[in-house]
Amino acid sequence: MSLYHYFRPAQRSVFGDLMRDMAQMERQFTPVCRGSPSESSEIVNNDQKFAINLNVSQFKPEDLKINLDGHTLSIQGEQELKTEHGYSKKSFSRVILLPEDVDVGAVASNLSEDGKLSIEAPKKEAIQGRSIPIQQAPVEQKTSE
Amino acid sequence: MLMLRSPYSDSNALDHFLDELTGSVQFPYWRNADHNSFNFSDNIGEIVNDESKFSVQLDVSHFKPENLKIKLDGRELKIEGIQETKSEHGYLKRSFSKMILLPEDADLPSVKSAISNEGKLQIEAPKKTNSSRSIPINFVAKH
């Protein structure tokens, strides 16, 4: 096999161009990386509401606590199990700072049967100002006699 | 798997950059864990306790290996894990503590642990071998 082409790597050829095109096409179909799971599916924050969804199916409802202190929302869970081989204890603590425009008086939580904990809070409504028209009094001019 | 580069084509810096970028990008297992889920540190399958070994498997996919501790105190095997995360919305912490009493015939100095790339922790203890042996009775002639 001749080594002529290897000593001159800059030489172009139809085969080389075709291989490069196929390699570029393959790279387009190969995902660069699987994105790490974001929190956008967990927390919903839009103009109407702020919502948090957690999967707590391993915890009983009596093992969970939700505490609201100002704008700080705390969700805690503790669980203890005793088995034939020993015991198992697990806990979690989730502290979420609610946005400023959340109506903290209307926070509601819901626990579904399959262990999905949902906490929702509506956003405050903007104060609806209305313009007051200025009523101009008619000017009466009396001619004094 | 990328194709072999043709020796005839020009290889520029962009190709090398893309090759390095897509070459072997693999996230560790705790990056892919479902952080919305608070189901963690479960037993995977049943605890194996037969005449050759005692084995337990745990799902520790939310915890990095440096955040796990395994202690053996006599026959008490303790497994602990702590994970803390800060995000734009707040703070998340989860922890577990598990105590497993090993059986009496477990060979305690031979306890081993291994963690797989899917976040599966396996702790195994072989059983002691039967070390009893029969002693023959020697006859002693009496005078």
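## Two chains, one shared core and a pocket

Setting aside residues up to four places away in sequence, Val56(A) makes contact with Leu64(A), Phe92(A), Leu111(A), Gly115(A) and Leu117(A), and also with Phe38(B) and Asn39(B) of the other chain. That is a good place to start reading this model, which is a predicted one.

### The core

Val56(A) belongs to the largest nonpolar core, which has 35 residues. Val56(A) is among the residues with the most contacts inside this core, together with Ile52(A), Phe38(B), Ile79(B) and Phe96(B). Which elements give two or more residues to this core? In chain A they are strand 2 (49-55), strand 4, strand 5 and strand 7 (116-122), and in chain B they are strand 2, strand 4 (76-86), strand 5 and strand 7 (120-126).

### The two chains

Here are the chains set next to each other.

| Chain | Residues | Helices and strands | Buried residues | Contacts 24 or more positions apart, among those with a separation of 6 or more | Accessible surface |
|---|---|---|---|---|---|
| Chain A | 145 residues | two helices, seven strands | 26% | 45% | about 11100 Å² |
| Chain B | 143 residues | one helix, seven strands | 31% | 51% | about 9500 Å² |

Read from the N terminus, chain A follows the order α-α-β-β-β-β-β-β-β, while chain B follows α-β-β-β-β-β-β-β. Carbon and sulfur atoms supply 52% of the accessible surface of chain A, and for chain B their share is 52%.

### Strand 2 of chain B

Two residues give a feel for this strand. Leu58(B) sits in strand 2 (residues 53-59) of chain B. Is Leu58(B) buried or exposed? Leu58(B) counts as buried because its relative accessible area is 0%, and the cut-off for buried is under 20%. Beyond its neighbours within four places in sequence, Leu58(B) is in contact with Ser41(B), Asp42(B), Asn43(B), Ile44(B), Ile79(B), Phe96(B), Lys98(B), Gly119(B), Lys120(B) and Leu121(B). Two of these partners, Ile79(B) and Phe96(B), were named above among the residues with the most contacts inside the core. Leu58(B) and Ile115(B) are separated by 57 residues in sequence, with their C-alpha atoms 9.3 Å apart in space.

Ser55(B) is also part of strand 2 of chain B. Ser55(B) is buried, because its relative accessibility is 4%. Not counting residues up to four places away in sequence, Ser55(B) touches Ile47(B), Val48(B), Gln122(B), Ile123(B) and Glu124(B).

### The second largest pocket

Let us turn to the open space in the model. The second largest pocket holds about 300 Å³ of space. Its lining has 19 residues, and those nearest its centre are Thr83(A), Ser88(A), Asn43(B), Ile47(B) and Lys98(B). Strand 4 (72-82) and strand 5 (86-97) of chain A, along with strand 5 (90-101) of chain B, are the elements that give two or more residues to this lining. Which of the elements gives the most to the lining? Strand 5 of chain A does, with four residues.

By residue type, the lining of the second largest pocket has five nonpolar, nine polar and five charged residues.

The pocket also links back to strand 2 of chain B. Asn43(B) and Lys98(B), which are among the residues nearest the pocket centre, are both contact partners of Leu58(B). Ile47(B), named with them near the centre, is touched by Ser55(B).

How values were computed: Residues numbered from 1 in each chain as written. Chains lettered and ligands numbered in written order. Predicted model: local features only at pLDDT ≥ 70, side-chain atom pairs only at ≥ 80, totals over all residues. Heavy atoms only, no water. 1 Å grid on protein atoms, 1.4 Å probe; cavity = no way out; pocket = protein on both sides within 12 Å on 5 of 7 lines; lining within 4 Å. Points joined across faces, edges and corners; volume = space filled by probe spheres on them. Nonpolar A, V, L, I, M, F, W, Y, C, P; charged D, E, K, R; others polar. Buried < 20%, exposed > 50% of the residue type's maximum accessible area, 1.4 Å probe, protein only. Contact = heavy atoms within 4.5 Å. Areas by Shrake-Rupley, 256 points an atom, 1.4 Å probe, with all protein chains shown as cover. Core = buried A, V, L, I, M, F, W, Y, C linked by side-chain atoms within 4.5 Å.
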